[in-house]
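The following exercises concern the interior of a predicted model. Please work through each task before reading its solution.

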Amino acid sequence: MTRHPAPSRRTVAKGALLTAAATLFAAAPARAAAGPAALRLPAPTGPHPVGVRTFALTDTSRDDPWEPGAGVREVMISVLYPARTVRGRSRAPQLTAAEAKEFAGLAPMVRPGLPAAGVDWGAVLTHGHVDAPPLPGRRPVLLYSPGGGDCRTLGSTLAEDLASHGRVVVLVDHPGDASQVELPSGMRWTVLRGEPDPQTFRTMIDTRVADLRFVLDRLGGLPLAPVMDPGRIGVYGHSAGGTAAVHALASDGRIAAGVNLEGHLDLDPALVAGLDRPLLMFRTDGFEGAARLERSWAGLPARRVLLPDSAHWVLSDYAFLVPQLQAAGLVTAGTRAALVGAGDPYAATAVVRRGVGAFFARRLPVAAPPARWCGASQ
């Protein structure tokens with residue numbers, strides 16, 4: 001939606017991204033077979049089917065730093081939760097039709113090496129069932145902040161697994177640095193072009209922390225509030241989202257525990273050094289920023305887990321999407337190795353699922369479900 005006659009920053013940013021992406025199209029590998037690639041995400045491992053609802057929230061107390069003309073900050077969230085039943089409920093697509101159309105053009109720029117054609121991104125289904133009735137009971141709440149340039153639903157696989165084991169998981173989009181977000185006011189595109197400079201990264205993290213705190217403020221007013229326990233709050237995030245998660249953990253007393261999936265922690269060393277709440281951190285052995293990461297993590301009283309034969313984006317849904325794209329002849333082995341590593345992404349993801357689930361189970365325990373809900377219809 002255009003808010004003023006002159007081209008907005010979002011329009012200029014989108015044009016620059018698409019222009020840059022066009023230069024990569026010729027290098028994309030040829031499609032091995034006719035028709036778009038069919039991509040699938042793995043099912044969650046817990047005993048509960050998963051429901052999902054999406055909400056648009058508006059923070060009238062602050063301006064959007066990426067779109068000053070907007071006047072207010074808009075945030076989209078997806079809330080995943082254990083469902084009582086999913087009978088008659090459709091599975092949610094990973095991207096809306098409008099978002100999928102935009103991502104198809106942005107993908108090669110957001111993640112170099114991804115194909116410019118040959119993928120029906122709108123056909124990728126999550127395992128969250130739209131508006132399924134929630135399983136009764138008050139449950140721990142986990143907030144998720146995605147990697148820089150990613151939209152919230154590229155963290156669906158881990159979130160669904162956590163929800164299937166009895167938690168409420170809130171995926172938070174950060175319009176302006178996410179690749180694309182469909183808001184009630186219109187589509188927003190990323191302002192990022194390559195690695196952010198220090199000032200842009202500062203704005204990203206400050207904005208993400210403010211978004212997370214704002215979402216926490218609003219949880220009590222959501223229709224799903226009766227199944228959320230405000231006394232058991234956790235946070236986790238990937239890359240820039242991991243940085244934001246640790247900053248939120250250190251600065252907001254409502255958050256009891258956090259997980260950092262390969263995010264740098266050198267933006268506010270004093271804040272991080274004062275962290276006195278439980279923290280778990282994962283990193284891959286193929287992350288090109290490993291030296292900086294290790295320096296920024298030094299001295300923190302947190303458990304660390306190393307994922308061998310893996311690269312940075314294995315900590316998101318790209319762990320499953322990229323190998324399928326390679327099998328379809330749409331990305332090269334080099335692209336796969338650069339994005340998710342040459343190892344088995346299912347093995348790496350299993351370690352992350354077990355580790356994150358066990359960590360939050362200790363810090364924010366889930367009550368055993370009533371016997372009558374066992375074997376709910378899926």
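**Exercise 1.** Determine which residues Val259 contacts beyond its neighbours within four places in sequence, and place Val259 in a nonpolar core.

*Solution.* Step 1: with those neighbours set aside, Val259 is in contact with Val235, Tyr236, Gly237, Ala245, Leu279, Leu280, Phe282, Val356, Phe359 and Phe360. Step 2: the largest nonpolar core has 53 residues, and Val259 is among those with the most contacts inside it, together with Trp121, Tyr236, Phe282 and Phe360. Step 3: helix α8 (residues 318-327) gives the most to this core, with 6 residues. Step 4: a second, separate core of 51 residues includes Leu279, which is also in the contact list of Val259.

**Exercise 2.** Decide whether His129 is buried or exposed, and describe its surroundings.

*Solution.* Step 1: the relative accessible area of His129 is 13%; buried means under 20%, so His129 is buried. Step 2: His129 belongs to strand β4 (residues 125-130). Step 3: its side chain reaches the backbone oxygen of His127 at 3.3 Å. Step 4: outside its neighbours within four places in sequence, the contacts of His129 include Val50, Val86 and Arg89.

**Exercise 3.** Characterise the lining of the second largest cavity.

*Solution.* Step 1: the structure holds 2 cavities of 30 Å³ or more, and the second largest has a volume of about 40 Å³. Step 2: Gln94, Leu95, Phe103, Trp121, Cys151, Leu154 and Leu321 line this cavity. Step 3: by class, the lining comprises 6 nonpolar, 1 polar and no charged residues.

Conventions: Residues are numbered from 1 along each chain as its sequence is written. This is a predicted model: local features need pLDDT of at least 70, side-chain atom pairs count only at pLDDT 80 or more; totals for chains, interfaces and linings use all residues. Side-chain values use heavy atoms; hydrogens and water are left out. Helices (H or I, at least four residues) and strands (E, at least two) are DSSP runs, numbered from the N terminus. Buried means under 20% relative accessible area, exposed over 50%, partly exposed in between (1.4 Å probe, protein chains only). A polar contact is a pair of N or O atoms within 3.5 Å; within protein, one must be able to donate a hydrogen and the other to accept it, and residues adjacent in sequence count only if both atoms are side-chain atoms. Contact means heavy atoms within 4.5 Å. A nonpolar core is a set of buried Ala, Val, Leu, Ile, Met, Phe, Trp, Tyr and Cys residues joined through side-chain atoms within 4.5 Å. On a 1 Å grid over the protein atoms alone, a cavity is a set of points where a 1.4 Å probe fits but cannot get out, and a pocket is an open set with protein on both sides within 12 Å along at least five of seven lines; lining residues have an atom within 4 Å of a point. Grid points are joined across faces, edges and corners, and a volume is the space filled by probe spheres set on the points. Ala, Val, Leu, Ile, Met, Phe, Trp, Tyr, Cys and Pro count as nonpolar, Asp, Glu, Lys and Arg as charged, and the others, Gly among them, as polar.
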